[in-house]
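Reader: Please take me through the ligand site of this model. Keep it brisk.

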Amino acid sequence: MSSHAPVGTPLRPLDLFNLDDDLAPEELEVRERVAAWAGERVAPRIAGLFERGEWDSSLAREMGELGILGMHLEGHGCPGGSAVQYGIACTELEAVDSGLRTFVSVQGSLAMSAIHRWGSDEQRDRWLPEMAAGEAIGCFGLTEPSAGSDPSRMLTTARREGGAWVLDGAKRWIGMGSIADVAVVWARAEDGVRGFLVERGTPGFTAQDIVDKLSLRASLQSELRFDGVRLPDDAMLPGARGLRGPFSCLDEARFGIVWGVTGAARDCLERALRYAGEREQFGRAIAGFQLTQSKLAEMAVALSRAQLLALRLGRLKDAGRLRPEQISVGKLDNVRTAQEIARTARSVLGGEGVRAEHAIMRHMANLEAVATYEGTAEVHTLILGAALTGHRAFA
Ligand SMILES: Cc1cc2nc3c(=O)[nH]c(=O)nc-3n(C[C@H](O)[C@H](O)[C@H](O)COP(=O)(O)OP(=O)(O)OC[C@H]3O[C@@H](n4cnc5c(N)ncnc54)[C@H](O)[C@@H]3O)c2cc1C
């Protein structure tokens with residue numbers, strides 16, 4: 001019997017290795033559901049939201065109804081899906097805009113997973129059902145003006161005073177910070193880094209959006225300030241001590257990025273293929289030129305590699321065998337692959353490629369931020385370097 005696919009089986013340009021065939025019906029269902037929602041509700045107006053620098057807050061509840069907030073968390077009103085289902089949702093959101101996937105990452109992978117993993121039962125019951133429904137928004141404050149790649153240098157402090165906690169300091173680049181109902185804030189206490197739940201409106205807590213971004217414009221990032229913010233004893237996440245607390249959440253978010261960026265890359269390739277087939281120069285479609293074909297072929301190869309990597313990491317995660325260093329490989333390679341695909345796709349569209357209408361330049365700009373948050377390429381290279389050699393070369 002021949003081991004080849006039957007002659008005439010069409011090649012899928014956006015899925016060269018037929019990975020779709022390896023997805024279970026419930027995984028395909030997630031893809032259809034999320035792609036349909038994002039395509040109908042957001043895609044037609046995303047260019048305008050990006051140009052105006054707006055996040056549409058009404059999307060949160062819709063995403064809650066879709067079951068994609070805290071998607072792979074169990075209990076307390078969370079959807080309880082698999083890691084692969086979550087990854088597929090991230091892909092379809094980011095195919096429209098990285099800002100959508102960023103919202104889901106901040107809400108589910110960062111804020112909700114911090115409460116889910118390190119919170120008390122009371123904290124879980126208080127926040128997770130509302131957050132899963134998109135009725136309450138969360139943010140995750142780790143980065144500071146002077147502590148980015150190295151959060152161990154954080155300056156925000158938490159001290160005990162008369163049975164309460166008092167927070168002082170600042171956080172920068174905090175996704176959804178200005179609209180969050182609850183901020184998960186990491187601060188240095190006497191016994192190490194601790195996580196705190198700070199509710200919106202707590203005296204001394206302020207948030208201001210960073211508005212001059214040229215990336216992730218259809219998303220919100222804010223500067224948070226804590227000036228003598230008094231919190232009750234039970235505002236602390238009891239389970240987290242040290243940087244292991246926030247780092248476990250970063251791993252969750254990085255996993256979503258590994259998948260998400262394949263969506264942005266796929267959208268770029270799809271657009272480049274379509275444009276190359278329609279655009280004529282020198283009397284023929286530019287798709288007929290060898291140099292254009294070389295670009296399209298390289299993009300398709302790179303996308304397939306990224307998709308394979310994402311699916312492999314997803315299956316490992318669902319089997320409980322995924323290591324943080326493996327997530328670093330995925331974050332490092334898939335983001336830079338998506339960046340290369342976006343850049344190449346942009347060139348296929350010539351001058352049209354810089355217009356908002358064609359989305360590619362928006363993806364390119366977004367991917368710059370995605371390459372930076374949740375660990376830069378340098379940081380993931382150093383994580384892998386340490387795992388390979390046993391020598392930490394961070395400092
Ligand atoms: C759009 C956006 C959203 C974000 N959302 C959040 C959020 O929700 N919550 C949150 O807490 N943070 C968030 N961040 C912050 C993000 O995680 C940091 O920007 C990131 O960790 C890098 O820190 P930094 O910007 O301070 O850069 P720096 O750490 O100052 O790094 C600057 C450059 O130096 C390099 N570098 C640093 N150390 C080394 C080293 N040892 N060896 C070699 N090179 C090195 C870096 O790779 C980088 O190229 C967000 C950032 C952006 C841009």
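Author: Here is the ligand site, from its surroundings to its contacts.

The model is predicted, so local features need pLDDT of at least 70, side-chain atom pairs count only at pLDDT 80 or more, and totals for chains, interfaces and linings use all residues. Residues are numbered from 1 along each chain as its sequence is written, and side-chain values use heavy atoms, with hydrogens and water left out.

The shell around the ligand has 18 residues. A residue belongs there if one of its heavy atoms lies within 4 Å of the ligand. T143, S149, W173, T376 and F394 come nearest. By type, the shell divides into nine nonpolar, seven polar and two charged residues. Here Ala, Val, Leu, Ile, Met, Phe, Trp, Tyr, Cys and Pro count as nonpolar, Asp, Glu, Lys and Arg as charged, and the others, Gly among them, as polar.

Three elements each supply at least two shell residues: β3 (164-175), α10 (360-372) and α11 (377-389). Strand β3 gives the most, with three. Helices (H or I, at least four residues) and strands (E, at least two) are DSSP runs, numbered from the N terminus.

Now the polar contacts, meaning pairs of N or O atoms within 3.5 Å. An oxygen atom of the ligand lies 2.6 Å from a side-chain N or O atom of S149. For the side chain of T376, the distance from a ligand oxygen to an N or O atom is also 2.6 Å. G175 takes part through its backbone: a polar atom there is 2.9 Å from a ligand oxygen. The protein covers 67% of the 970 Å² of accessible area that the ligand has on its own (Shrake-Rupley method, 1.4 Å probe).

Notes
A polar contact is a pair of N or O atoms within 3.5 Å; within protein, one must be able to donate a hydrogen and the other to accept it, and residues adjacent in sequence count only if both atoms are side-chain atoms.
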